[in-house]
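I opened the notebook to record a few look-ups in this structure. I wanted to follow one helix first and then check some single residues.

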Amino acid sequence: NQFNRAVQARRQLGSSFKPFVYYSAFATGNWYPDSVIDDSPISFPDGDGYYSPQNYDNTFSGPISIRQAVALSRNIPAILLGEYVGINRVIEDCKKMGITSPLPPVISLPLGSADITPMEAAGAYAMFANGGYKVRATLIAQVTDSKGNVILDNTNPKKEVVLDPFAVSMVNDVLQGVVTSGTGTAARLSDGRPSAGKTGTTSDFRDAWYIGYVPQMSIAVWIGNDDYSPMAHGVTGGVFVAPIWRRFMEKAIAGQPVKNFPDPNTIK
């Protein structure tokens, strides 16, 4: 049919949303990759009861560095940092990254409870890849007429830094750890070039994601059912989606030079 999931399907990101929260925390200047945060049981008033977030494996790690929390995709640290910086600030930062889908200001937002499109996700992560420059997500790269004259050109946009380059560099640091020693090891590229990314899996296995990038390219991969019915138990972003991302990325960047992520000191 004509349903384009890349730009029309709004789905929950799950833990793939967490890097936006960590960016907001790093941008305050009070949190760093090696800062320690408590991964312990916590509850928040919620109507007549309480909201008590859990980790995927129903265990808690106690004091843990943000680097470890990201690599292992722990939920409690993301919730705590969302409360620390304020959910509204996280939402404002997401808007800077080009996310236009509605983001409800709820405690569970850091765990990816909002619905956004794969195009929005890939565009937002691309700003981590390029060091914080604004990205205009579009399906059209360039339009020329019959004589080769360029009518529309989206291949060389005006460069405008809209994110804190140092906070972005910290996001790149911790998201590389996801690939080297965390939930996204199946996305590790065979040529050894640096890459970063984040897995995501939603409740009842309705959505599974891997959103990752190298300095030249950002790719979001989502799998799920259009009717929101659950997939098989155990269909997670790290196990099922990260290998798809890796195979696609290796073809997409074949022959391109190996690059490192931007040095924040060189971004102006």
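**Entry 1: α2 and α4.** I looked up how α2 and α4 cross, and the crossing is left-handed. The contact uses K18, V21, Y22, S24 and A25 from α2. From α4 it uses N75, P77, A78, L81, G82 and V85. I sorted the residues of this contact by type: seven are nonpolar, three are polar and one is charged. Then I checked the geometry. The two axes come within 9 Å and cross at roughly 45°. Angles from 35 to 65 degrees fall between roughly parallel and roughly perpendicular, and count as oblique. α2 and α4 are therefore oblique to each other. I also noted that this is a predicted model.

**Entry 2: α2 and α6.** Next I took the other pair. α2 covers residues 18-27 and α6 covers residues 118-129. Their axes come within 11 Å, and the crossing angle is roughly 40°. I call α2 and α6 oblique to each other as well, because of that angle. What is the hand of the crossing where α2 passes α6? It is left-handed. On the α2 side I found P19, F20 and Y23. They meet A124, Y125 and F128 of α6. The residues of this contact are six nonpolar, with no polar and no charged ones.

**Entry 3: how enclosed is α2?** I wanted to know how many residues of α2 are buried. The count is ten of the ten, so α2 is largely enclosed by the rest of the structure. I wrote down the start of the buried list: K18, P19, F20, V21 and Y22 are in it. Y23, S24, A25, F26 and A27 are in it too. What do these buried residues pack against? I found α3 (66-71), α4 (75-85), α5 (87-96) and α6. I also found α7 (165-181) and the strand β9 (196-201). Just after α2 comes G29, and G29 takes a positive phi of about 80°.

**Entry 4: positive phi outside glycine.** Background for this entry: most residues other than glycine have a negative phi. I noted two residues that go the other way. N58 has a phi near 60°, a positive value in a residue other than glycine. D204 also has a positive phi, near 60°, and is not a glycine either. Where do they sit? N58 is in the loop between β4 and β5. D204 is in the loop between β9 and β10. Then I checked accessibility. N58 counts as exposed because its relative accessibility is 56%, and the exposed class starts over 50%. D204 has 48%, so D204 counts as partly exposed.

**Entry 5: Q54.** I stayed in the loop between β4 (49-51) and β5 (62-65), where Q54 is found. Q54 has a relative accessible area of 37%, so it is partly exposed. What does Q54 contact, leaving aside its neighbours within four places in sequence? I found F60, N75 and I76. A polar atom of the Q54 side chain also lies 3.4 Å from the backbone oxygen of S52. I then took a distance to G86. Q54 and G86 are 32 residues apart in sequence, and their C-alpha atoms are 20 Å apart in space.

**Entry 6: D207.** I moved on to strand β10 (residues 207-214), where D207 lies. Is D207 buried or exposed? Its relative accessibility is 3%, so D207 counts as buried. Two polar contacts went into my notes. The side chains of D207 and R11 are joined by a polar contact of 2.6 Å. The D207 side chain makes another with the side chain of W222, at 2.9 Å. I also listed residues that D207 touches, not counting those up to four places away in sequence. Among them are Q12, G200, T201, T202, I223 and M231.

**Entry 7: G224.** My last look-up was in strand β11 (residues 217-224), where G224 is found. G224 is partly exposed, because its relative accessible area is 26%. Not counting residues up to four places away in sequence, G224 touches R206 and M231. I checked G237 too. It is 13 residues from G224 along the chain, and the two C-alpha atoms are separated by 11 Å.

Note on methods:
Residues are numbered from 1 along each chain as its sequence is written. This is a predicted model: local features need pLDDT of at least 70, side-chain atom pairs count only at pLDDT 80 or more; totals for chains, interfaces and linings use all residues. Side-chain values use heavy atoms; hydrogens and water are left out. Axes are lines fitted to C-alpha atoms, for helices over the stretch in contact, and angles run from 0 to 180 degrees between N-to-C directions. Helices (H or I, at least four residues) and strands (E, at least two) are DSSP runs, numbered from the N terminus. Angles under 35 degrees count as roughly parallel, over 145 as roughly antiparallel, 65 to 115 as roughly perpendicular and the rest as oblique. A crossing is left-handed if the near helix is turned anticlockwise from the far one by less than a right angle, and right-handed if clockwise. Contact means heavy atoms within 4.5 Å. Ala, Val, Leu, Ile, Met, Phe, Trp, Tyr, Cys and Pro count as nonpolar, Asp, Glu, Lys and Arg as charged, and the others, Gly among them, as polar. Buried means under 20% relative accessible area, exposed over 50%, partly exposed in between (1.4 Å probe, protein chains only). A polar contact is a pair of N or O atoms within 3.5 Å; within protein, one must be able to donate a hydrogen and the other to accept it, and residues adjacent in sequence count only if both atoms are side-chain atoms.
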